[in-house]
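Let's take a walk through this one together, one question at a time. Have a look first, and then we'll start with a term you'll need.

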Amino acid sequence: MIVVTRLNGEPLVLNAELIELVERTPDTVVTLTTGRKLLVQEPVEEIVRRVLDYKRRIYCYPVPREL
């Protein structure tokens, strides 16, 4: 899950796994796999960074020091 900001300033928690497309039109439009479209304040690059950070936290497991 990532936090984004709607155009009216309200925060929104978004399931990053459902993001299909992020485009700049000049506002940032996030299209979900459900077909729903959301307008957000963050630029495309920031959405990408947040999704990558989220995926790193979810899928990167710590390596044990001793085996």
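A nonpolar core is a set of buried Ala, Val, Leu, Ile, Met, Phe, Trp, Tyr and Cys residues joined through side-chain atoms within 4.5 Å. Keep in mind that this is a predicted model.

Q: What pattern does the protein follow, read along the sequence?
A: Start with the parts list: the protein has 1 helix and 5 strands. Put in sequence order, they give the pattern β-β-β-β-β-α.

Q: How much of the protein is made up of buried residues?
A: The protein has 67 residues. Its accessible surface comes to about 5,000 Å², with 56% of that belonging to carbon and sulfur atoms. As for buried residues, their share of the protein is 28%.

Q: Which element gives the most to the largest nonpolar core?
A: That core has 13 residues, and Ile2, Val4, Leu14, Ile19, Val30, Leu32 and Val51 are those with the most contacts inside it. At least two residues each come from E1, strand E2 (11-14), strand E4 (28-32), E5 and H1. With 3 residues, the top contributor is H1.

Q: Which residues is Val51 in contact with, leaving aside its neighbours within four places in sequence?
A: Val51 is one of the core residues with the most contacts inside the core. Beyond its sequence neighbours, Val51 is in contact with Ile2, Ala16 and Ile19.

Q: Is Val4 buried or exposed?
A: Val4 sits in strand E1. Beyond four places in sequence, Val4 touches Glu10, Pro11, Leu12, Leu14, Val40, Glu42, Ile47 and Arg50. Its relative accessible area is 1%, and buried means under 20%, so Val4 is buried.

Q: What separates the C-alpha atoms of Val4 and Arg50?
A: Along the chain, these two are 46 residues apart. Val4 still touches Arg50. Their C-alpha atoms are separated by 9.1 Å.

Q: Is Glu42 buried or exposed?
A: Glu42 has its place in the loop between strand E5 (37-40) and helix H1 (44-59). Leaving out residues up to four places away in sequence, Glu42 touches Val4, Thr5, Thr28, Ile47 and Arg50. At 8% relative accessibility, under the 20% limit, Glu42 therefore counts as buried.

Q: Which side chain joins Glu42 in a polar contact of 2.8 Å?
A: Glu42 has a polar contact of 3.5 Å with the side chain of Arg50. The contact of 2.8 Å is with the side chain of Thr5.

Q: Which residues are linked with Glu42 in a network of salt bridges?
A: Take some pairs within helix H1 to begin with. Glu46 and Arg49 meet in a salt bridge (2.5 Å, N to O), and Arg56 forms one with Asp53, the closest N and O atoms being 3.3 Å apart. In each pair the partners are 3 residues apart in H1, about one turn of the helix. The network links Glu42 with Glu46, Arg49, Arg50, Asp53 and Arg56.

Q: How far apart along the chain are Arg24 and Glu45?
A: The side chains of Arg24 and Glu45 meet in a salt bridge (3.2 Å, N to O). Arg24 is in strand E3 (residues 19-24) and Glu45 is in helix H1, so the pair links distant parts of the chain. Along the chain, the two are 21 residues apart.

Q: Is Arg24 buried or exposed?
A: Its salt-bridge partner Glu45 is partly exposed at 48% relative accessibility. Arg24 has 53%, and exposed means over 50%, so Arg24 counts as exposed.

Q: What separates the C-alpha atoms of Met1 and Tyr54?
A: Met1 is in the segment before strand E1 (2-5), and is partly exposed at 48% relative accessibility. Among the residues Met1 touches, not counting those up to four places away in sequence, are Val13, Tyr54 and Arg57. Met1 and Tyr54 are 53 residues apart along the chain, yet their C-alpha atoms are separated by 7.0 Å.

Q: Which residues make the nonpolar surface patch?
A: The patch covers about 280 Å². One of its members, Met1, touches another member, Val13. The patch is made by Met1, Val3 and Val13.

How values were computed
Residues are numbered from 1 along each chain as its sequence is written. This is a predicted model: local features need pLDDT of at least 70, side-chain atom pairs count only at pLDDT 80 or more; totals for chains, interfaces and linings use all residues. Side-chain values use heavy atoms; hydrogens and water are left out. Patches are made of residues with over 30% relative accessible area and no salt bridge: like charges are joined within 9 Å, nonpolar side chains (Val, Leu, Ile, Met, Phe, Trp, Tyr) within 5 Å. Accessible areas come from the Shrake-Rupley method with a 1.4 Å probe; for residues, only the protein chains shown count as cover. A salt bridge is a side-chain nitrogen of Lys or Arg within 4 Å of a carboxyl oxygen of Asp or Glu. Helices (H or I, at least four residues) and strands (E, at least two) are DSSP runs, numbered from the N terminus. Buried means under 20% relative accessible area, exposed over 50%, partly exposed in between (1.4 Å probe, protein chains only). A polar contact is a pair of N or O atoms within 3.5 Å; within protein, one must be able to donate a hydrogen and the other to accept it, and residues adjacent in sequence count only if both atoms are side-chain atoms. Contact means heavy atoms within 4.5 Å.
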